[in-house]
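Good morning. Please have the sequence and the structure open while I talk. I will go through the parts one at a time.

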Amino acid sequence: MLRVLIVDDSRMMRIMHARSLRQAGYEAEITEAGSGEEALQLFQPGTHDLVIVDWNMPGMDGVEFVRAARERERESGSRRTPFLMITSQSTEEQVYKAKDAGVDTLLAKPVTSEVLAATLDMLLTVRT
Amino acid sequence: MSARGKGTSPVPEELLRAVSERVFPRLGFSPTELLWQRLARVVQQQARQAGFDALDDYLRHLLHAGEQELDQLAEALTINETYFFREPKHFEALRQLLPELARKGERVRILSAGCATGEEAYSLAIVAHRVLSPLAKEFEVVGVDIDRRALERAQAGRYRAWSFREQGLALAQGYVRKERDSWLVRADIRQRVRFEQMNLVEQVPTGPFHVVFCRNTLMYLTPEHRKAVIARLVKLLPPGGVLFIGSAETLDAPPPELERVTVAGAHLFRRREADPTATPRERRDGSPLRVLVVSRSPAVRVAIRHILKAAAGLELVGEARSASEVAERLRETPADVVLLDAVSDPLQAASSRENWGRSAAVLTLAGPASGLSRGTGILVLPDDRVETLRGLGEELVRRIRTVAARGPRPASAGTGPLVWPRGPSWARLLLIGSSTGGPAVVTEILRRLPIGLGLAVLVVQHMPANFTRSFAERLDRLSAYSVREAANGDLLQADTVYIAPGQQNTTVAPGGRLKVEPPGASDIYVPNVDRAFLSVARAGMAERTLAVILTGMGDDGAEGMARLTAAGAYTLAQDPREAVVAGMIDAALARGAVQKVLPADDIPSEVVRWAGSGRRALVVRS
């Protein structure tokens, strides 16, 4: 079974992402985090198959979380977990910022379920 | 919290709450009592319109409804309460401020943020016309709102008496003409007002705007969204630019760039002249950005000299041979951006910026083997030849502007620039050929494409010369991809969209270098889709290319699609039944050059699927 970490301060969004995974045909064991801080506690390098993360969250935001998580991955020398960011931040500078923090794929809101499903397929069948 | 409207059937609260959780985040609205009642009312209306007998059924339907339906509901929720010259004090203040704002040159730009049906935007245009036309100054008003239907009414510029309640009619006198029972805004005023559909929570139009009116919109937002929207609006203001909010509203904590001022009894905010961070950011006064070049290679310095000379708005203020000279140079001649060549001297990148990193923004040019990752402050060149640098002129200029806008920042302490090794800059190419009716389709496709597919995109859209630039700019705002007009010599990069400029032909040379040339005498359609597609086949890149042919008149692209198919590309066509004009699609289909036909809505997910295909499967679907 897949292990997926979903990080979003909105419970509704977490539920929607979980549903999208199911709809795309993936059976996943889902861990939810409502903040960047909580996510960082739950994130253990090498144990998740995918992390879905929002950018805007109170406290530690998504980009800060990804940067810290990547740092931890490097320290432990474990495999790279795919990070999917779903956000309304999509200026060139923001995209660079997210990618430099270690985001693999960035989806700009609003996201259609078809595109999300195809993106999940891509991330979950790819080991970069 | 009650969700009962007067005289209507009771609304099931649990369901309504669940629906609100899907809808409110789209607007950034906080669930106030007012909004609850509005939602309760709106769903009842919509349920009737959608043909549901029971409200419960409709609400349950909404819980699983698609994006589009939720967006429609969100639009219906927005409040379009507005009329001409609402809060006349604000317009009087603007009248007094405009001459000073106009003195700063060019034309005055005014934004009506949350313009609903347009009364405010036209009121602003009327005041601007009254003040500025005697001064022979130009102006432009941009109105944005999320509600598409309201914008359609705004566009029409036709209003009933109710839109002029209070003093509206008196103040608009001479600018509206009565036609039977409605009033039409004068054509020359309508021409100066542009409306755009936009969700302020997600984006703002391209600035600068000397005047921003955002009244009675912020109050509906959650505190976080309010803060984000205000921050974005502030960025649109040049120093001295002014922001008006509703007189019943407050900025919880005004950003430091703003000062509160009172003009003609109206309270408003003005962007301070001097940036409180006291760093040379964007030079908004219109003077050129000052660039200091650091390179050990004379050839590189010459190449950069030429590039900067050809670029408007950039000025070369100095050259240094090594990073160690920079601090001293900057003391003599301040610069906004230091361009650091780490290609000819990899040690440059490592040299300490402690002494001067705070006095100027830095753009580092890095070689392919540098191990440096791509980032705003780093431009990784595909190879170390000076020719390559010359070809990257436009990219270089753009990046200089980007880092200048970001301003100086301390060197990333200790962690070093090495993030993780990246693969080739682009892995696959998406080609889009399009004509009549195409821009809207191209926009929708690119809006939905995720970043990070390793995809470079070339769009060949039949368009006159002057339109491709604004098309590129608009796409750049709307999509997460960097979108720009292709320039001769550009190297394809991942996550970037190149728009073939009008009146010229854009082709791809081996290695992914773009050629932009005048069209041949026989080219009926320019920019030519066939030529672009054929060049990709010839460059041996077909196997990693997906070509899409969209709506359009004529048969351009059919030949190119056929050659690409033969060479191993994946080819798609928009469903001709939904195309505005099916000519180009039919021509490609007739050649047997299309492997799959899809409605435009399904093209983005197909692109993602293709971009992810051919890689090793990690998991098997359950």
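I start with a term: two strands count as paired if DSSP finds at least two bridges between them. In this predicted model, strand β23 of chain B, residues 570-574, is joined to β24(B) by three bridges, and the two run parallel. One of the residues to look at is Ala573(B), whose bridge partner in β24(B) is Val597(B).

That pair belongs to a sheet. What is the strand order of this open sheet in chain B? Its seven strands come in the order β18-β19-β17-β16-β22-β23-β24, and the pairing is parallel. As general background, strands of a sheet pair through backbone hydrogen bonds, either parallel or antiparallel. The edges here are β18, residues 482-485, and β24, residues 596-598, both of chain B, and each of them pairs on one side only. On average, and ignoring direction, neighbouring strands of this sheet are turned by 20 degrees against each other.

Helices pack on this sheet. Helix α18 of chain B, residues 529-538, touches β16 (428-434), β17 (455-461) and β22 (545-549) of chain B. The direction of α18(B) makes about 160 degrees with that of β16(B). Helix α20 of chain B, residues 583-590, also packs on the sheet and touches β22 and β23 of chain B. Its direction makes about 140 degrees with that of β23(B).

Now an antiparallel case, again in chain B. Strand β9, residues 258-263, and strand β10, residues 266-271, are joined by six bridges and run antiparallel. Glu259(B) has Arg270(B) as its bridge partner in β10(B). The two strands form a hairpin with two residues between them. In that turn, Ala264(B) has a positive phi of about 50 degrees.

Some totals for chain B. Its secondary structure comes to 21 helices and 24 strands. Of its 622 residues, 45% count as buried. If you take the contacts in chain B between residues at least 6 apart in sequence, 73% of them join residues at least 24 apart.

One residue as an example: is Arg48(B) buried or exposed? Arg48(B) sits in helix α2 of chain B, residues 33-49. A residue counts as exposed if 12 or fewer other C-beta atoms lie within 10 Å of its own. Arg48(B) has 12 such neighbours inside 10 Å, so it counts as exposed. From Arg48(B) to Tyr58(B) is 10 residues in sequence and 9.1 Å in space, C-alpha to C-alpha.

Next, chain A. Helix α1 of chain A, residues 11-23, packs with α5(A) at an angle of about 70 degrees, and their axes are 9 Å apart. The two helices are therefore roughly perpendicular to each other. Their crossing is right-handed. On the α1(A) side the residues are Ser20(A), Leu21(A) and Gln23(A), and they meet Ser113(A), Leu116(A), Ala117(A) and Leu120(A) in α5(A). By class, this contact has four nonpolar, three polar and no charged residues.

Last, the two chains together. How many residues of chain A are in contact with chain B? There are 35, and they meet 35 residues of chain B. On the chain A side, the elements that give two or more residues are α4 (92-101), β5 (105-108) and α5 (113-124). The most come from α5(A), with eight residues. By class, that side of chain A has 16 nonpolar, nine polar and 10 charged residues.

How values were computed:
Residues numbered from 1 in each chain as written. Chains lettered and ligands numbered in written order. Predicted model: local features only at pLDDT ≥ 70, side-chain atom pairs only at ≥ 80, totals over all residues. Contact = placed C-beta atoms within 7 Å. Helix = DSSP H or I, 4+ residues; strand = E, 2+ residues; numbered from the N terminus. Nonpolar A, V, L, I, M, F, W, Y, C, P; charged D, E, K, R; others polar. Axes fitted to C-alpha atoms, helices over the stretch in contact; angles between N-to-C directions. Parallel < 35°, antiparallel > 145°, perpendicular 65-115°, else oblique. Left-handed = near helix turned anticlockwise from the far one by under 90°. Buried ≥ 20, exposed ≤ 12 C-beta atoms within 10 Å, placed from the backbone.
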